[in-house]
Each structure stands twice: as structure tokens, then as C-alpha cells.
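Got the viewer open? Follow along and click through the stops one by one.

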Amino acid sequence: MCANLAHWSDDNEIYTPNHNALSGQAVSSLYKLKDIDNNDGGFFIFGDLSVKVEGRFRLKFTLFEITASGANASVAMFSEIFTVYSARSFSGMLDSTFLSRTFSDQGARIRIRKEHRSQL
């Protein structure tokens, strides 16, 4: 699966890697992990993906099928709208989710925050 940065309201406006707006790994293989109910599942993890530009965006996730003749885009979907803040106006990271902690406990490479920044 591949992640690209997209405009918050226009599905056709995609910020390509040439825009240099994303940082981190924008491609993920399928991980077989257990979910929070201890059920097996397939998950794509973008553990270090971040946006370097301030504004409102969505992520466009595209699933590719690898065949003998190459890679073919199979399906694409968009994330919910999110806001990227400047360092000055950012209030700090929230605690990691239970799902993130569950994946980390199984060996997935995800940074886990144990306490809210305001508590430090």
C-alpha cells in the first residue's frame, strides 16, 4: 500500500513525492497482526509518516496488487480530514491508542507515547 498527501476537499489534487510534503516511509507491506480483540488481521502500518506542511489534508491510500507483469493499482481510499499545525501552535501529542500499543507489543515498529506531553 502507498500513501500520498491529498487536498482536504478535492480528490483530484494529490501532492506527489516531488512536492516533498511527506516525510517518512510512504509505502507499507501487509502485516499479519492480532487486533485489540485478539483476532488475526492484515494491517498496513505507516509508523513514521508525517506531513511537513501546515494546513488541512487527507491521506490517499492506494492498494497495489503485485503480479508477474508488475504492480497494478487495485483500489484507493481517503482518510478523514486532519489538520497539520505549526510548531508554535501545536498543543502536543496525545497518548498512543490501544491498537497502536497492541501492534507495538507484537513487534510492529511504531513510536509509542506513554504520557500526554502536558503531564511531563
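Select Asn 20 to begin, in the loop between S2 and strand S3 (22-23). Asn 20 isn't a glycine, yet its phi is positive, at about 60°. For background, most residues other than glycine have a negative phi. Keep in mind as you click around that this is a predicted model.

Now jump to Asn 38, which sits in the loop between strand S4 (30-34) and strand S5 (40-44). Here too phi is positive in a residue other than glycine, this time near 70°. Is Asn 38 buried or exposed? Asn 38 is exposed, because its relative accessible area is 54% and the cut-off for exposed is over 50%.

Stay around there and pick Asp 40 together with Lys 34. Their side chains meet in a salt bridge, 2.9 Å from N to O. Lys 34 counts as partly exposed, with 31% relative accessibility.

From Lys 34, hop over to Thr 102. You'll find Thr 102 in helix H1 (residues 98-105). Which residues does Thr 102 touch, not counting those up to four places away in sequence? They are Lys 34, Asp 35 and Ile 36. Thr 102 has 14% relative accessibility, so it counts as buried.

Next stop: Asp 11 and Arg 58. How many salt bridges does the structure hold? There are two, and you have already visited the one between Asp 40 and Lys 34. Asp 11 and Arg 58 form a salt bridge as well, with the closest N and O atoms 2.6 Å apart. Asp 11 lies in the loop between strand S1 (2-7) and strand S2 (14-15), while Arg 58 belongs to strand S7 (residues 55-67), so this pair ties together parts that are 47 residues apart in sequence. As a general point, side chains of opposite charge can pair when their charged atoms come close. Colour by accessibility if your viewer can do that: Arg 58 is buried at 11% relative accessible area, whereas Asp 11 is partly exposed at 42%.

Keep Arg 58 on screen and add Glu 80. Leaving aside neighbours within four places in sequence, Glu 80 is in contact with Phe 57 and Arg 58. Where is Glu 80? Look in the loop between strand S8 (70-78) and strand S9 (82-84). Glu 80 counts as exposed, at 69% relative accessibility. Add Trp 8 as well: Glu 80 and Trp 8 are 72 residues apart in sequence, but their C-alpha atoms are 8.5 Å apart in space.

Time to zoom out and show the whole chain as a cartoon. You should see one helix and nine strands. Trace the chain along its sequence and the strands come before the helix, in the pattern β-β-β-β-β-β-β-β-β-α. The C-alpha atoms fill a box of roughly 55 × 35 × 20 Å along the principal axes. Of the 120 residues, 22% are buried. Among contacts between residues at least 6 apart in sequence, 49% join residues at least 24 apart.

Switch on the surface: its accessible area comes to about 8,800 Å², and 50% of that belongs to carbon and sulfur atoms. The chain carries 13 positive and 13 negative charges, and the mean positions of the two sets are 7 Å apart.

For a last selection, take residues 1-113. An unreviewed UniProt entry annotates this stretch as "domain: Velvet". Over residues 1-113 the chain is 7% helix and 42% strand, with the end C-alpha atoms 25 Å apart.

Methods
Residues numbered from 1 in each chain as written. Predicted model: local features only at pLDDT ≥ 70, side-chain atom pairs only at ≥ 80, totals over all residues. Heavy atoms only, no water. Helix = DSSP H or I, 4+ residues; strand = E, 2+ residues; numbered from the N terminus. Buried < 20%, exposed > 50% of the residue type's maximum accessible area, 1.4 Å probe, protein only. Contact = heavy atoms within 4.5 Å. Areas by Shrake-Rupley, 256 points an atom, 1.4 Å probe, with all protein chains shown as cover. Lys, Arg positive; Asp, Glu negative; His and termini not counted. Charge placed at Lys NZ, Arg CZ, Asp CG, Glu CD. UniProt positions renumbered as here; feature names shortened; annotations may be inferred. Salt bridge = Lys/Arg side-chain N within 4 Å of Asp/Glu carboxyl O.
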